[in-house]
Amino acid sequence: MISTMKRYLSAIVVLLIFGLAACKSGKDQFDATGVFEADEVIVAAENAGRIVQFDANEGDSLDKDQVTVFIDPVGLALQKAQVEASMQALQEKTMDVRPQIKLLEEQLAVQQAQLNTLEKEKQRFSKLVQADAAPQKQLDDLLAQIDVLKQQQAVTKQQIAVQQQITGTQNRSILSEQKPLEKRAAQLQDQLARTQVKNPLAGVLLTKYALAGEMTAPGKALYKVANLSTLTLRAYVSGAQLPTIRLKQAVQVMTDNGKGGYDTHQGVITWISDKAEFTPKTIQTKDERANLVYAIKVQVKNNGFLKIGMYGECKF
């Protein structure tokens, strides 16, 4: 009876030893654990207005630069039309100096024709006076008419120059308002383009914060998107493990497959923190007694089963 009891106790001890060994072996299968993360982008509105269309749903795959949200553009379109009308009105306010200049030039041409006629008369009377066939007074009167006509010509030329200068100054003053209006129109055009919200990166729509028909404002979040094709496992290692890892190092990442086993993924260490921090409560390291740990990031290609917030284990 005693020998049977001893054999029974011996078997139990052996089973306990194997069980402890198996537990210890399972515990040492990983060097660090962590949680999967993704680079999430919150897309916000850049204009105020009513959302007229937002058809994408949570879980939908979105392309880069895909238009996802349409904000009512009517108000901005009317403002732009008003600015363009103001620019057109400026053109109508400007003065066309050409009719006035043309009139003065015609007057100057008449004066020049009269001057040419007087010059010919002057030459003829000069010969007559020299031949004592005409009195000197007639020649003097003719010379006086020529002087007066030349003065009139000078005045007409001065009027042309003054008219051009005055009209040019007035037009420049009016048209000086054109550039600010052009800048305003360009600004409104840019705002109009932003009423169509474009998706910044290819990824999956995680969360919607707005619906069609709601009012939005600049800076108000519309939805959250993330590229899930590659996830990042944020894990922690102790100071003693730092010498065993390096950037660009390939590591094995294991996740629970739901059947009591693990799925293995290939990962690459892309970041190692240069500062130690206290051990997070939810994180285990190979040396659980370490007070200070270092965060690392392991980039893992997603096979479709990895999810944000899922736990993963690293083996270096």
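## Exercises on rings and cores

In this predicted model, the charged end of K297 sits over the ring of W271, 5.2 Å from its centre.

**Exercise 1.** Identify the lysine that lies over the face of F54, and state its distance from the ring centre.

*Solution.* The residue to find is K208, which lies over the face of F54 at 4.2 Å from the ring centre.

**Exercise 2.** Classify the aromatic pair that the structure holds, and locate its two members in the chain.

*Solution.* The structure holds one aromatic pair, and its members are F54 and Y223, with 5.8 Å from centre to centre and 50° between the planes. Because planes under 30 degrees apart count as stacked and those over 60 as edge-to-face, the pair of F54 and Y223 is tilted. Turning to location, F54 belongs to the loop between strand 3 (49-53) and strand 4 (61-62), whereas Y223 lies in strand 9 (residues 221-226), so the pair links distant parts of the chain, 169 residues apart. F54 is buried, with a relative accessible area of 5%, and Y223 is buried as well, with a value of 0%.

**Exercise 3.** Describe the largest nonpolar core and the surroundings of V253.

*Solution.* The core has 18 residues, and those with the most contacts inside it are F36, L233, V237, V253, I296, V298 and V300. Two or more residues come from each of strand 1 (32-37), strand 10 (230-238), strand 11 (250-256) and strand 14 (292-301). Leaving aside neighbours within four places in sequence, V253 is in contact with residues including F36, L233, V298 and V300, and also with D263, H265 and E313. A second, separate core of 15 residues includes F54, A56, L62 and V225.

Definitions and conventions: Residues numbered from 1 in each chain as written. Predicted model: local features only at pLDDT ≥ 70, side-chain atom pairs only at ≥ 80, totals over all residues. Heavy atoms only, no water. Core = buried A, V, L, I, M, F, W, Y, C linked by side-chain atoms within 4.5 Å. Buried < 20%, exposed > 50% of the residue type's maximum accessible area, 1.4 Å probe, protein only. Helix = DSSP H or I, 4+ residues; strand = E, 2+ residues; numbered from the N terminus. Contact = heavy atoms within 4.5 Å. Phe/Tyr/Trp six-rings, centres within 6.5 Å; stacked < 30°, edge-to-face > 60°. Lys NZ or Arg CZ within 6 Å of the ring centre and 35° of its normal.
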